[in-house]
Amino acid sequence: MKPSDFLAAPRGRFFALRYAMECAEKDGIYLPNMVADPSVLDMVKPRPLTPSFARDILADTTGMAEYWTQPSDLDRLALMPQIQNCLKRFATVASQASATSWWDDGVAFDQQWKVEWEVSNSRYEGEHPREILRREQVDSQQLEIQEEQEFTGNFDVPRSGAWWSTPPAGLTQSTRELWDGTCAGMWWIEDSSEDLAVDSRPLAINTNNVYEIHSPHAWKYLCETYPRTVTAQKRYDWYRVTDLSGEWVTPDWFAVSNDYDGVYLSVAGYLRAGGLPIEIETGVSSLIAGWNPDTTYWLTNIVQPAGEFISWVIDEDSENLDWCRAQHHPS
């Protein structure tokens, strides 16, 4: 990633700001001081981004992403010109750190893991991915008609809906293994349920036919090639996030599954494009929302288990509440 990539979209800016804030706090400078006088950040030196430090900052970046409300105070702070000037130094260090060097990589086919939380999608077990996708396609079409009929022309009503733009949750998702034996999907989670236990399982991937999203342009291609109109069902949430009142589209995942076995969002793709209103054509935009970095959604029945489950629990005695292996595995 280039330094400018971190400052071009909401999640990238948030990462740079959280990095700066963590370094500032180690120097005794806290958020109220930055808000009152942004120039105090000029005195803060970026600290080395170790793998665990970068992982934790990215966990904060995903965990604090919200696509159903106005941008947070921190998101607005990251847009201040004086703050952005300071963040360039932190973005430069982040772009050069060895811990982030793989963030632009494609799918790690030989080390994919499925993560299952306590709150799982077990109701979809045994159902073919195409059935899940087709049902979701029909449900979305019906919801669009219903929401359009009920629209009063007022974008400011306190109404929310399906704010995400991911493939349906019932599909298998996978992420890579990290240096410490955990996997990315245990750390980098939008709209997290904050479970204290999780199971992970290695997968065998029998394809390399995966569409990879590394940039806003890659998402734009999906929306242009496989468009689905979602204006009525997204307008309230995405208006609050972006202040745009035009038309909205997302990819039609059932149609995408005709050409690809999976769709992958890299970490770099997430930071470059997550939460960014992406113009598809004049007056028509899209948003990547609810999709965790380094996550592949499998659209066809192409992946198989390649080992037993490993159970993890939060080590509440550790300083950073790290994951550790549980003593017993699920039966």
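Biologist: Let me start with one residue: what is the relative accessible area of Phe-151, and how is the residue classed?

Modeller: This is a predicted model, and in it Phe-151 has a relative accessible area of 23%. Buried means under 20% and exposed means over 50%, so Phe-151 is partly exposed.

Biologist: And is Phe-155 buried or exposed?

Modeller: Phe-155 is buried, because its relative accessible area is 18%, and the cut-off for buried is under 20%.

Biologist: How do I read a pair of aromatic rings?

Modeller: You look at two things: how far apart the ring centres are, and the angle between the planes. Searching the whole structure turns up 19 aromatic pairs. One is Phe-151 with Phe-155: the centres are 5.3 Å apart and the planes meet at 70°, so this pair is edge-to-face. Trp-163 and Trp-164 are edge-to-face too, because their planes are at 85°, with 5.4 Å between the ring centres.

Biologist: Which of those two tryptophans is buried, and how does Trp-164 count?

Modeller: Trp-163 is buried, at 10% relative accessible area, whereas Trp-164 is partly exposed, at 40%. Both belong to one aromatic cluster, together with Tyr-67 and Trp-68.

Biologist: Where is Trp-238, and what does it touch?

Modeller: Trp-238 is in helix α9, which covers residues 231-242. Trp-238 is buried, with 0% relative accessible area. Beyond its neighbours within four places in sequence, its contacts include Tyr-67, Trp-163 and Trp-164, as well as Trp-248 and Leu-287. Tyr-67 is 171 residues away along the chain, yet its C-alpha atom is 6.6 Å from that of Trp-238.

Biologist: Which charged residues sit over a ring?

Modeller: Arg-55 is one of them: it lies over the face of Trp-187, 3.8 Å from the ring centre. Arg-134 has its charged end over the ring of Phe-254, 5.6 Å from the centre.

Biologist: Let's finish with strands. How many residues of β12 are buried, and which strands pair with it?

Modeller: In β12, residues 310-314, 4 of the 5 residues are buried, so the strand is mostly covered. β12 runs antiparallel to strand β3 (residues 197-205), and 4 bridges join them. Here Asp-199 stands opposite Ser-311. β12 also pairs with strand β13 (residues 323-325), again antiparallel, over 3 bridges. In that pairing, look for Ile-314 opposite Trp-323.

Definitions and conventions: Residues are numbered from 1 along each chain as its sequence is written. This is a predicted model: local features need pLDDT of at least 70, side-chain atom pairs count only at pLDDT 80 or more; totals for chains, interfaces and linings use all residues. Side-chain values use heavy atoms; hydrogens and water are left out. Helices (H or I, at least four residues) and strands (E, at least two) are DSSP runs, numbered from the N terminus. Buried means under 20% relative accessible area, exposed over 50%, partly exposed in between (1.4 Å probe, protein chains only). Contact means heavy atoms within 4.5 Å. Rings of Phe, Tyr and Trp (its six-membered ring) pair if their centres lie within 6.5 Å; planes under 30 degrees apart count as stacked, over 60 as edge-to-face and the rest as tilted. A charge sits over a ring if NZ of Lys or CZ of Arg is within 6 Å of the ring centre and within 35 degrees of the ring normal. Two strands pair if DSSP finds at least two bridges between them.
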